[in-house]
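Open the model in a viewer and keep a selection box ready. The stops below go from single side chains to the sheet and back.

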Amino acid sequence: MIVSPSILSADFANLGRDICMLDESDAQWIHCDVMDGVFVPNISFGFPVIKAVSELTDKPLDVHLMIVDPGRYVGAVRDCGAAIMNVHQEACTHLHRTVQAIRDAGMKAAVTLNPATPVSTLEDIITDVDMVLLMSVNPGFGGQKFISHILEKTRRLRRLIDESGSKALIEIDGGVNLTTGAALAEAGADALVAGNAVFNAPDPKQVISALTAL
Ligand code: DX5
Ligand code: ZN
């Protein structure tokens with residue numbers, strides 16, 4: 001299992017220390033949550049912080065943009081060192097164009113679905129994306145409860161990917177811990193984002209290793 005710890009739950013007064021911890025851990029990616037206070041009811045951090053993170057680690061940065069019209073920022077996201085750019089389906093009027101622009105900029109293109117947005121909305125783009133990120137909470141905050149309906153949605157997405165011949169990975173974000181993570185692994189997830197479960201654990205590296213082993 002690919003594990004992408006979300007630094008939204010890190011200690012921002014000691015962000016360098018927390019990035020070094022992730023750098024030494026089994027985490028494959030580092031998940032960066034950008035919020036604009038419009039698409040979601042919260043504001044987190046932006047490009048200067050992501051650039052600073054990229055200078056502290058060689059691990060790929062998995063950037064999740066919870067902002068309106070994220071296609072405006074493809075160049076800015078690339079320039080701050082992102083490897084994966086996640087855009088919300090609900091925030092892109094011309095999703096196909098945005099996905100192409102992300103790939104043309106040399107990044108992996110991922111499309112994110114809110115809990116209420118059906119998997120079927122991706123039928124016509126599934127072979128063009130590198131990853132689909134399913135939100136298992138309503139985006140905007142860390143530490144929320146996992147919406148269990150997402151297990152069935154993960155199975156449906158797995159079927160769509162397998163039947164279409166797409167190579168897209170499935171990533172899940174929100175309320176992931178060892179219990180929900182095990183169920184998600186069984187449902188067909190390839191990658192798990194975890195914020196609270198990692199950073200509020202007594203031994204974050206051990207939690208990352210245990211999630212990786214699922
Ligand atoms: C929520 C963010 C998540 C968040 C996950 O809007 O997209 O990445 O940090 O946090 P946990 O794992 O605590 O639910
Ligand atoms: Zn996220």
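Begin with T154, whose side chain reaches the backbone oxygen of I150 at 2.6 Å. This is a predicted model. T154 belongs to helix α5, residues 149-164. Is T154 buried or exposed? With a relative accessibility of 0%, T154 falls under the 20% limit for burial and therefore counts as buried. To see what surrounds T154, show L134, I170, I172, L184, A187, G188 and A189; each is in contact with T154, neighbours within four places in sequence being left aside.

Keep I170 displayed and select D190. The backbone nitrogen of I170 lies 2.8 Å from a polar atom of the D190 side chain. D190 sits in the loop that links α6 (178-187) to β8. Its relative accessible area is 22%, so D190 is classed as partly exposed. Beyond residues up to four places away in sequence, D190 touches M1, I2, R158, A168, L169 and I170. For a distance across the model, pick the C-alpha atoms of D190 and M21: they are 23 Å apart in space, with the two positions 169 residues apart in sequence numbering.

Next, switch to a cartoon view and look at the sheet. How many strands form the sheet, and in what order? There are 8, arranged as β1-β8-β7-β6-β5-β4-β3-β2 in an open sheet with parallel pairing. At the edges are β1 (2-5) and β2 (30-35), each of which pairs on one side only. From one strand to the next the twist averages 25 degrees.

At the β1 edge, select helix α8, residues 204-212. Helix α8 lies across β1 and β8 (191-194) and runs at about 145 degrees to β1.

Now move to the β2 edge. Here β2 and β3 run parallel and are joined by 6 bridges. Select V34 and look across to β3: the residue opposite is L65.

The last stop is K59, in the loop between α2 (47-54) and β3 (61-66). Which side chain of opposite charge is nearest to K59? That side chain is D23, at 5.4 Å; K59 is buried yet has no salt bridge. The K59 side chain does reach a backbone atom, the oxygen of L22, at 3.4 Å. Show the contacts of K59 to finish: L22, D23, S25, D26, A27, Q28 and I30, not counting residues up to four places away in sequence.

Definitions and conventions: Residues numbered from 1 in each chain as written. Chains lettered and ligands numbered in written order. Predicted model: local features only at pLDDT ≥ 70, side-chain atom pairs only at ≥ 80, totals over all residues. Heavy atoms only, no water. Helix = DSSP H or I, 4+ residues; strand = E, 2+ residues; numbered from the N terminus. Buried < 20%, exposed > 50% of the residue type's maximum accessible area, 1.4 Å probe, protein only. Lys, Arg positive; Asp, Glu negative; His and termini not counted. Salt bridge = Lys/Arg side-chain N within 4 Å of Asp/Glu carboxyl O. Polar contact = N/O pair within 3.5 Å; in protein donor to acceptor, adjacent residues only side chain to side chain. Contact = heavy atoms within 4.5 Å. Pairing = 2+ DSSP bridges. Axes fitted to C-alpha atoms, helices over the stretch in contact; angles between N-to-C directions.
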